[in-house]
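Student: I have a new model open on my screen and would like to learn to read it. Could we go through it together?

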Amino acid sequence: MDDIASPSKTGNTAPPPPDSLLDGLRQRAQQMAGTALTHGAIFAARQVTRAIERTPEARRTFFEPTEFPFAARLEQNWHVIRQELDAVMRGVEMIPNFQDLMHEQRELTTDDRWKTFFFYGYGVKFEDNCRRCPETTRLLESIPGMTSAIFSILRGRKHIPAHSGHYKGVLRYHLGLIVPEPPDKCRIRVGQDTASWQEGRSLIFDDTHDHEVWKENEGDRVVLFVDFLRPLPPLLDGLNRLVVKMIGLSPYIHQSEQNSRRWEEYFGQEFDLRRNPPGKRS
């Protein structure tokens, strides 16, 4: 009798919603949080960019590697990085195309001649690739303010059309690892200035300037591609770090990480067999 009379068991309390409804509510809440986070990051990034644009530094396209001590350290160890890259390149056909991981890049490339092997994306660590290249990862993690890092692989003849980044809070670093001859047929324009890659040498530039890449020779061009925090005064530096953190939590980066995990699930084991076949040491 007590059970029948109990208010909690008479139907006066609403039954729990079905799992599908809960999942839908969670997904909607995540979407709203992601949208709010993205808008917040965009607003803060604009403030940092505007502050930098008011300084003489804003006009610089290329920077001298000697301004950044980490560049000399990477150049001194470029053969160590190249050794791990050589193992990665045994499975190059399986490495995702840039636009496969970051769908927004389809405006720049739609073919299979720009492949990207991610280590970090705005602070998010791609654990499996870092495991595959431990010495490269160690060197990357020694770079002050490193936010993103990849092996950027251009195959055959490739043109990346003119485009520009949107955020001045980071600078871009390239370390030449594989550069086919003649090197002047493989070049980058930043603003009105042009440079070519050289194996074991560094290029540093501000990607918010209009830039364009030509690869007019055969073979592969591979660089270690790193974004790192631009040196700024303390207050602006703190805001810059917050912006990068917010971007790393945004749906844009989360989706890229999910795409990488799917690739890992389907191809990771076979890729490792090609990278390190039985009986062969990398």
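Tutor: Happily! Contact, or touching, means heavy atoms within 4.5 Å. This is a predicted model, in which local features need pLDDT of at least 70 and side-chain atom pairs count only at pLDDT 80 or more, while totals for chains, interfaces and linings use all residues. Residues are numbered from 1 along each chain as its sequence is written, and side-chain values use heavy atoms, with hydrogens and water left out.

Student: Which residues does I188 touch, not counting those up to four places away in sequence?

Tutor: Residues up to four places away in sequence are set aside here. The contacts of I188 are then F62, D193, T194, A195, W197, L203, F205, E212 and V213.

Student: Which residues touch the most other members of the largest nonpolar core?

Tutor: A nonpolar core is a set of buried Ala, Val, Leu, Ile, Met, Phe, Trp, Tyr and Cys residues joined through side-chain atoms within 4.5 Å. Buried means under 20% relative accessible area, exposed over 50%, and partly exposed in between (1.4 Å probe, protein chains only). The largest such core has 38 residues, and those touching the most other members are V48, I188, W197 and V243.

Student: Which strands stand at the edges of the open sheet?

Tutor: Strands (E, at least two residues) and helices (H or I, at least four) are DSSP runs numbered from the N terminus, and two strands pair if DSSP finds at least two bridges between them. The open sheet has 7 strands with antiparallel pairing, in the order β1-β9-β6-β11-β4-β2-β3. Each edge strand has a single partner, so one of its sides is left without a neighbour in the sheet; these strands are β1 (62-63) and β3 (124-125).

Student: Is D207, which forms a salt bridge with R172, buried or exposed?

Tutor: A salt bridge is a side-chain nitrogen of Lys or Arg within 4 Å of a carboxyl oxygen of Asp or Glu; for D207 and R172 the closest N and O atoms are 3.4 Å apart. D207 lies in the loop between β9 and β10 and R172 in strand β6, so the pair ties together parts 35 residues apart in sequence. R172 has 13% relative accessibility and counts as buried. At 8% relative accessibility, D207 counts as buried.

Student: How far apart are the closest N and O atoms of D210 and R189?

Tutor: D210 counts as partly exposed at 36% relative accessibility, whereas R189 is buried at 16%. They form a salt bridge, and the closest N and O atoms are apart by 2.6 Å.
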